[in-house]
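Grab a pencil and work through these exercises with the model open beside you. Try each task before you read its solution.

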Amino acid sequence: MMTKHTGRITGPLDRKAAILEQSKEGLMADCERYKEQLRRMERALRLAELDAGMSVAVERGKMEMVECIIEHSLRLWNENIIEPHKSGKPANSADKIDWLIRTPAYANWHWLEPYTHNGQTAWCGFAQAYAFRAAGLKAHIVEKVLPSCYRLKKWAKENDRFVDVDEMRPGDIVLVDSNGDGKANHITLCWAVDDRKVDGGSGWWTDEFSSAYIDHETQPGVRKYIHGDFLTLEGNAKGLLPDGRIVEGYVARTRPLEQVTHVIRFQEADYE
């Protein structure tokens, strides 16, 4: 017996289509949540491995390298690392600086004597090892290239890793001449650039940005450190801690573009 066509078949199909569309949207939302959870788990695992001094073998997924470098550099800044006195007293952050220099998970210069006092080792390059290794920069670059101005320049020239000063951006390694002799003698990380100096932008050092770290009313002495052209995170230098204290250690500060000798940007091939 043939069934009479009632013309109502499109109703159920429309409802099914709507249900499927909602399911699709829900699945896509779940997928994004799972991706974010995975990124967080990868990041947490990498931090745990680094803190335990283990080798880093976790894939970065789609986490931006620059984001990872800045995040870990800020994490280090918040450790309030202060250079120990030349006499060794007070010791301040000698153990933490030694950890950056000699731990196998970072620069791995384990053959050096334990760090105990200011001036023992120029550790500005070692200070960058923590964040760049966490971001997946290859171990041999972190160990053999990153700690030395000379090796950084030589390696960057041989591998075409220099960028123009006016193209500097956050996450770049910036070699500076802090003595005024025209030669690179210090290794810094670019945290932010005053874009008014490079492309006619509006500038980065706004009251809102600086006030997140400095109370300008109670700490007016810090102003001389925030009038440069680019903001750095750097070790073995004098500058600001997160609470606004001016110390020698791992600090934030600004520098003029005139001090820049080379800007180095690692490429994806340099990462694991």
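**Exercise 1. Find which residues of H3 meet which residues of H4, and sort them by type.**

Step 1. On the H3 side, pick out Trp99, Leu100 and Ile101; they meet Phe126, Ala127 and Tyr130 in H4. Contact here means heavy atoms within 4.5 Å. Helices (H or I, at least four residues) and strands (E, at least two) are DSSP runs, numbered from the N terminus.

Step 2. Sort the residues of this contact: six are nonpolar, no polar and no charged. For the sorting, Ala, Val, Leu, Ile, Met, Phe, Trp, Tyr, Cys and Pro count as nonpolar, Asp, Glu, Lys and Arg as charged, and the others, Gly among them, as polar.

Step 3. Now the geometry: the axes of H3 and H4 come within 8 Å and cross at roughly 65°. Axes are lines fitted to C-alpha atoms, for helices over the stretch in contact, and angles run from 0 to 180 degrees between N-to-C directions. H3 and H4 are therefore roughly perpendicular to each other. (Angles under 35 degrees count as roughly parallel, over 145 as roughly antiparallel, 65 to 115 as roughly perpendicular and the rest as oblique.)

Step 4. The crossing of H3 and H4 is left-handed. A crossing is left-handed if the near helix is turned anticlockwise from the far one by less than a right angle, and right-handed if clockwise.

Before you go on: this is a predicted model, where local features need pLDDT of at least 70 and side-chain atom pairs count only at pLDDT 80 or more, while totals for chains, interfaces and linings use all residues. Residues are numbered from 1 along each chain as its sequence is written, and side-chain values use heavy atoms, with hydrogens and water left out.

**Exercise 2. Describe how H2 and H4 cross, and who makes the contact.**

Step 1. Take H2 (residues 65–77) and H4 (residues 126–134): their axes come within 8 Å and cross at roughly 140°. That makes H2 oblique to H4.

Step 2. This crossing of H2 and H4 is right-handed.

Step 3. H2 brings Cys68, Ile69, His72, Ser73, Arg75 and Leu76 to the contact, while H4 brings Ala127, Tyr130, Ala131, Phe132 and Ala134. By type, the residues of this contact are eight nonpolar, two polar and one charged.

**Exercise 3. Is H4 mostly covered or mostly exposed?**

Step 1. Buried means under 20% relative accessible area, exposed over 50%, partly exposed in between (1.4 Å probe, protein chains only).

Step 2. Count along the helix: nine of the nine residues of H4 are buried, so H4 is mostly covered. Among them are Gln128 and Arg133.

Step 3. Compare with the chain: buried residues make up 45% of its 272 residues.

Step 4. Step just past H4 and you meet Gly136, with a positive phi of about 100°.

**Exercise 4. Which residues have the most contacts inside the largest nonpolar core?**

Step 1. A nonpolar core is a set of buried Ala, Val, Leu, Ile, Met, Phe, Trp, Tyr and Cys residues joined through side-chain atoms within 4.5 Å.

Step 2. The largest one has 48 residues, and Trp123, Phe132, Leu152, Ile173 and Phe266 have the most contacts inside it. H2 gives the largest share of this core, seven residues.

Step 3. Apart from this core lies another, of 10 residues, including Val163, Phe230, Val260 and Val263.

**Exercise 5. Track down some backbone oddities, starting with the cis peptide bond.**

Step 1. Look at Lys89 and Pro90: a cis peptide bond joins them, with omega about -5°. Pro90 lies in the loop between H2 and H3 (94–102).

Step 2. Asp160 isn't a glycine, yet has a positive phi of about 55°. Asp160 sits in the loop between H6 (149–158) and E1 (162–163), and counts as exposed at 61% relative accessibility.

Step 3. Asn236 isn't a glycine either, and has a positive phi of about 60°. Asn236 lies in strand E4 (residues 230–240).

**Exercise 6. How far apart are Glu167 and Val263 in space?**

Step 1. Place Glu167 in the loop between E1 and E2 (173–176). Glu167 is partly exposed, with a relative accessible area of 43%.

Step 2. Glu167 and Val263 are 96 residues apart along the chain, but their C-alpha atoms are separated by 8.7 Å.

Step 3. Leaving aside neighbours within four places in sequence, Glu167 is in contact with Asp172 and Arg265.
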